[in-house]
Amino acid sequence: METFKIGNPVTASARTILLVDMNAYFASVEQQCNPALRGKPVAVCGEGRTVIVTASYEARAFGVKTGMTLPEARQICPGLIPVQGDLDKYIETSLRIHKILLNYTDMVEVFSIDECFMDVTATQHLFGGALNIAREIKAEIKKEFGLLCSVGIGPNRVVSKIAGKMHKPDGLTVLNKENIPKIFKNMPVEKLQGVGIGPRVAEKLYFIGIKTAAELGEAPVQLLKSHFGILGRIYKAIGMGLDDTPVAKYGDEKPVKSVGHSHTLAADTADINVIYSYLLMLCEKTGFRLRGYGLTARTAALYVRFSDFTGFSQRKTFKHYFDSGEEIFKCAKEIFSSLLPLKKEVRLLGISTGNLSAAAGQSFLFEKDERKRKVTSAVDEINTKHGDFTVKPALLITAEKFGILERCGIISTRIWKK
Ligand SMILES: [Mg+2]
């Protein structure tokens, strides 16, 4: 990793804002979950499986870009490996990355699934300065997830965002107000996208003869106001590298109320073995997610949709809390047994857990439970580091024989045959 330090150290009186931007995020997460994809050109595709959402750096080297269709991308990169995106997985990883950032300040604003602003003005002295915080965050994210990010440091959101975008992947860039004139001189206005200048605005600016960020900063405010109204003044400030938008505090989002998973079966079935295998997958996934959030649940709900699109749902609340796939599966089976013998084929299964409580402070009375928890957390650790379901309970192995893991998206890195 290289540190690009363009400016003088940030003075104590100024605000210090960090932008943490994950590099090729979705593709990198997939490469970490499935070691076979590492070092290879990977394209994460959307639901339709034809449009590329994110390409790995290996694929980008061939010119593969976001928004390309798979056939287009394959023409320039014949070895391209398409993987269907798994948003749940990226959200979960993001939440865990946020935990790392929150060690340095609670002023962490989630800007997008792979970008966060941090205001470290008040806390940087505790950690040896903003640059040191950035270095530590980069190292921790790399160590824990094997993922790279670029960090930009600046006196406000606009400047830190520009700094963060300057060096990818694995960049660390410090920019100060004094650096702005030089950098903005040759920067096309469309590069200010993501800091408040949208593509339409950039187009209009071009039309009125403003082509660079510096020109925007120098433009008469009256001219900008006549074209953009009240926003004209804001655009001018952006062109000058000025911005006083605060960074919001983390946790303004609604708390997690329920955690669960659902899946449409590859084919409708009334085969109870197949159904239970799917259920187990969903329960394991749900348990993994609960533990990831540091939560335990007391309510389990099962949702079943049949081949004729009629539905069944039932919830059950238990006296004890649970967070393991095994326990959730036990509850799910108990609920499902009321449907037996099955009269219709099953099309979709869903598991949800509620009545959530923070796992910390729970007392686990029996040594056996404590041991079980230790095993579970060790399994989570291994799965996090080496890929989903590297370590799996014996029943999962049966499920694998059905080919269910793959169909269920548990091994969500599906490599399609041409
Ligand atoms: Mg990014």
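Guide: One definition before we start: a strand here is a DSSP run of E, at least two residues in length, and strands are numbered from the N terminus. Also, what you're looking at is a predicted model.

Visitor: Okay, which strand is Val151 found in?
Guide: Look at residues 149-154, which form one strand. Val151 is found in that stretch, so by the numbering from the N terminus its strand is β8.

Visitor: Is Val151 buried or exposed?
Guide: Count the other C-beta atoms within 10 Å of Val151 and you get 27. A residue needs 20 or more to pass as buried. So Val151 is buried.

Visitor: Which residues from 134 to 138 does Val151 touch?
Guide: Leave out residues up to four places away in sequence. The contacts of Val151 then include Leu18, Leu19 and Val20, along with Gly164 and Leu172. From the stretch you asked about, they include Ala134, Ile137 and Lys138.

Visitor: How far apart in space are Val151 and Met166?
Guide: In sequence, 15 residues separate Val151 and Met166. In space, going C-alpha to C-alpha, the distance is 9.4 Å.

Visitor: Why do the buried residues of α11 line one face of the helix?
Guide: Helix α11 covers residues 231-239, and its buried residues are Tyr235, Lys236, Ile238 and Gly239. They line one face because, seen down the helix axis, they fall within an arc of 160 degrees.

Visitor: And which helices do those buried residues pack against?
Guide: We've met the buried residues of α11: Tyr235, Lys236, Ile238 and Gly239. Their packing partners are α6, α7, α8, α9 and α10.

Visitor: Which strands stand at the edges of the open sheet with mixed pairing?
Guide: This sheet has three strands, in the order β4-β3-β5. An edge strand here has a single partner, so one of its sides is left without a neighbour in the sheet. That puts at the edges β4 and β5.

Visitor: In β4, what is the bridge partner of Ala43?
Guide: Strand β3 covers residues 42-45 and runs antiparallel to β4, with three bridges joining the two. Ala43 pairs in β4 with Ala55.

Visitor: What angle does helix α1 make with β3?
Guide: Helix α1, residues 25-33, packs on this sheet and touches β3, β4 and β5. Comparing its direction with that of β3 gives about 115 degrees.

Visitor: Over which residues from 400 on is the pLDDT below 50?
Guide: For the protein, the mean pLDDT is 82, and 80% of its residues reach 70 or more. One stretch that stays under 50 is 360-368, with six contacts beyond four places in sequence. Another stretch, with 38 contacts beyond near neighbours in sequence, is residues 400-418.

Conventions:
Residues numbered from 1 in each chain as written. Predicted model: local features only at pLDDT ≥ 70, side-chain atom pairs only at ≥ 80, totals over all residues. Helix = DSSP H or I, 4+ residues; strand = E, 2+ residues; numbered from the N terminus. Buried ≥ 20, exposed ≤ 12 C-beta atoms within 10 Å, placed from the backbone. Contact = placed C-beta atoms within 7 Å. Arc of directions from axis to C-beta. Pairing = 2+ DSSP bridges. Axes fitted to C-alpha atoms, helices over the stretch in contact; angles between N-to-C directions. pLDDT = per-residue confidence, 0-100.
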